[in-house]
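Work through the exercises below with the sequence and the model open side by side. Try each task before reading its solution.

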Amino acid sequence: MKSIILREIKSFFGSPIGYLVIALFLLFNGLFLWVFEGEYNLLNSGFADMTPFFTIAPWILLFLIPAVTMRSFSDEKKQGTLELLLTKPISIWHIVLGKFFGAFSLIVLAILPTLLYVYVLHQLGYPVGNIDLGSTLGSYFGLLFLVAAYTAIGVCTSTLTENQIVAFILSVFGCFVFYFAFDGLATFFTAVESSLSFLGMGSHFRSMSRGVIDTRDVCYFLSLTYVFLSITVYQLNSVRA
């Protein structure tokens, strides 16, 4: 599995994909948080608070993560190397996890530089250090689980087609449904509002953003990630059969 993870990371940075993903993530966040006027501008909010970043990050990652994962298995299918990969003396779970952690590692590398934002707000706070580190760390923790779920969805959809664009669209749609759609449906079906919201990633991510790590939220993200990775394994087993 380790060799597959390293192979994926090398392939990302052996082409413009890895650098482009990191640059675009930091560029969009930088523009919205520090340059553009509006509700997301950290300098104009009047508070040393990272909430705007964690509000727009799921939207940006909604497109960037599918752009990373769309080639995971669709490219293998297109190049005709998927069957060769499946014949190697390694379990399908290890192959899937290798692809998953390779993409996950790239997104984590893109997120790490945003810790500089926390330091800047820490210095700009009045008095210095007047920032809620508890909720900030909880939000970063939740963001990692969100990235894991998005990545699992993206890897799963890449097994459905050899066309990377189709895989990208399916992944964006899947991530959108699980993050935003359930909250939207909850506003229409008030009788089961809490149940519908619980099914979506948004409510669990917002819960973790308050700085309280609830085991229900952790179990939700881990379960969702496991379900989509299991579907991926099932899809590949059908190919091997």
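The exercises that follow concern a predicted model, and each task is followed by a stepwise solution.

**Exercise 1. Helix α1**

Task: Compare the expected span of helix α1 with the distance between its end C-alpha atoms, then state which residues of α1 are buried and what covers them.

Solution:
- Step 1. Helix α1 runs over residues 2-13, which is twelve residues. The expected span is 1.5 Å times one less than the number of residues, so α1 should span 16 Å.
- Step 2. The end C-alpha atoms of α1 are 17 Å apart, which agrees with that expectation.
- Step 3. Ile4, Ile5, Glu8 and Phe12 are the buried residues of α1. Because they cover an arc of only 105 degrees around the axis, they sit on the same side of α1.
- Step 4. The other side of α1 has Lys2, Ser3 and Lys10, which are exposed.
- Step 5. The cover over the buried residues of α1 includes α2 (16-35), α3 (51-69) and α6 (92-111).

**Exercise 2. Helix α8**

Task: Apply the span check to α8 and find how many of its residues are buried.

Solution:
- Step 1. With 25 residues at 1.5 Å a residue, α8 should span 36 Å.
- Step 2. The end C-alpha atoms of α8 are 36 Å apart, so the expected and modelled spans agree.
- Step 3. Of the 25 residues of α8, 20 are buried, and the helix is mostly covered.

**Exercise 3. The largest pocket**

Task: Give the volume of the largest pocket and describe its lining by element and by class.

Solution:
- Step 1. The largest pocket holds about 290 Å³ of space.
- Step 2. Its lining has 14 residues, and those closest to the centre are Phe54, Thr55, Tyr179, Phe205 and Arg206.
- Step 3. Two or more lining residues come from each of α3, α8 (133-157), α9 (164-188) and α11 (201-209).
- Step 4. The most comes from α3, which gives four residues to the lining.
- Step 5. Sorted by class, the lining has six nonpolar, six polar and two charged residues.

**Exercise 4. Phe73 and Ser74**

Task: Place Phe73 and Ser74, decide whether each is buried or exposed, and list their contacts from further along the chain.

Solution:
- Step 1. Phe73 is in the loop between α3 and α4, while Ser74 belongs to helix α4 (residues 74-79).
- Step 2. The cut-off for buried is under 20% relative accessible area. Phe73 has 0% relative accessibility and therefore counts as buried. Ser74, with a relative accessible area of 0%, is also buried.
- Step 3. Beyond residues up to four places away in sequence, Phe73 touches Leu82, Ile95, Val96, Lys99, Val155, Ser158, Thr159, Thr232 and Leu236.
- Step 4. With neighbours within four places set aside, Ser74 is in contact with Ser158, Thr161, Glu162, Asn163, Gln164 and Ala167.
- Step 5. Ser74 and Thr159 are 85 residues apart along the chain, yet their C-alpha atoms are separated by 5.9 Å. For Phe73 and Gly134, 61 residues apart in sequence, the C-alpha to C-alpha distance is 38 Å.

**Exercise 5. Leu27 and Arg216**

Task: Assign Leu27 and Arg216 to an accessibility class.

Solution:
- Step 1. Leu27 lies in helix α2, and Arg216 is in helix α12 (residues 215-240).
- Step 2. Exposed means over 50%, and partly exposed falls between that and the 20% cut-off for buried.
- Step 3. Leu27, at 46% relative accessibility, is therefore partly exposed.
- Step 4. Arg216, at 58% relative accessibility, is therefore exposed.
- Step 5. As a distance check, the C-alpha atoms of Leu27 and Asp183 are separated by 28 Å; for Arg216 and Val68, 148 residues apart in sequence, the C-alpha to C-alpha distance is 28 Å.

Methods
Residues numbered from 1 in each chain as written. Predicted model: local features only at pLDDT ≥ 70, side-chain atom pairs only at ≥ 80, totals over all residues. Heavy atoms only, no water. Buried < 20%, exposed > 50% of the residue type's maximum accessible area, 1.4 Å probe, protein only. Arc of directions from axis to C-beta. Contact = heavy atoms within 4.5 Å. 1 Å grid on protein atoms, 1.4 Å probe; cavity = no way out; pocket = protein on both sides within 12 Å on 5 of 7 lines; lining within 4 Å. Points joined across faces, edges and corners; volume = space filled by probe spheres on them. Nonpolar A, V, L, I, M, F, W, Y, C, P; charged D, E, K, R; others polar.
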